[in-house]
Amino acid sequence: MDVMSVAAMSISMHQGQLQQAVSVSLMREVMDQQTAQAAALVEDIAQSVPSTVPGSRLDILA
């Protein structure tokens, strides 16, 4: 192995690590957005049912 092939292998490995780090970061951001949207949806559903109607309680924790 010469120096150029070692350098090329190192660059390739670092590019792969960077790509994986970016993918994980993006996935975390998407998951945070989905969590917020789900919480907002649950809140909207809970508010859409009048609390004075019998049987109107929605168990959102089950």
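V42, I60 and L61 make up a nonpolar patch on the surface of this predicted model. Together the three residues have about 300 Å² of accessible area. A patch takes in residues with over 30% relative accessible area. L61 has a relative accessible area of 78% and is therefore exposed, since the cut-off for that class is over 50%. As for its place in the chain, L61 lies in the segment that follows α1, the helix spanning 3-48.

E43 gives a second point of reference. This residue belongs to helix α1. With a relative accessible area of 46%, E43 is partly exposed, because that class runs between the limit for buried, under 20%, and the limit for exposed, over 50%. Along the chain, E43 and I60 are 17 residues apart. In space, 9.3 Å separates the C-alpha atoms of E43 and I60. I60 is also one of the patch residues, along with V42 and L61.

The chain as a whole can be described in similar terms. Its secondary structure consists of one helix and zero strands. The chain has 62 residues, and 2% of them count as buried, which means that this share has a relative accessible area under 20%. The accessible surface of the chain amounts to about 5,700 Å². Carbon and sulfur atoms account for 63% of that surface.

Conventions: Residues numbered from 1 in each chain as written. Predicted model: local features only at pLDDT ≥ 70, side-chain atom pairs only at ≥ 80, totals over all residues. Heavy atoms only, no water. Patch = residues over 30% accessible without salt bridge, like charges linked within 9 Å, V, L, I, M, F, W, Y side chains within 5 Å. Areas by Shrake-Rupley, 256 points an atom, 1.4 Å probe, with all protein chains shown as cover. Salt bridge = Lys/Arg side-chain N within 4 Å of Asp/Glu carboxyl O. Helix = DSSP H or I, 4+ residues; strand = E, 2+ residues; numbered from the N terminus. Buried < 20%, exposed > 50% of the residue type's maximum accessible area, 1.4 Å probe, protein only.
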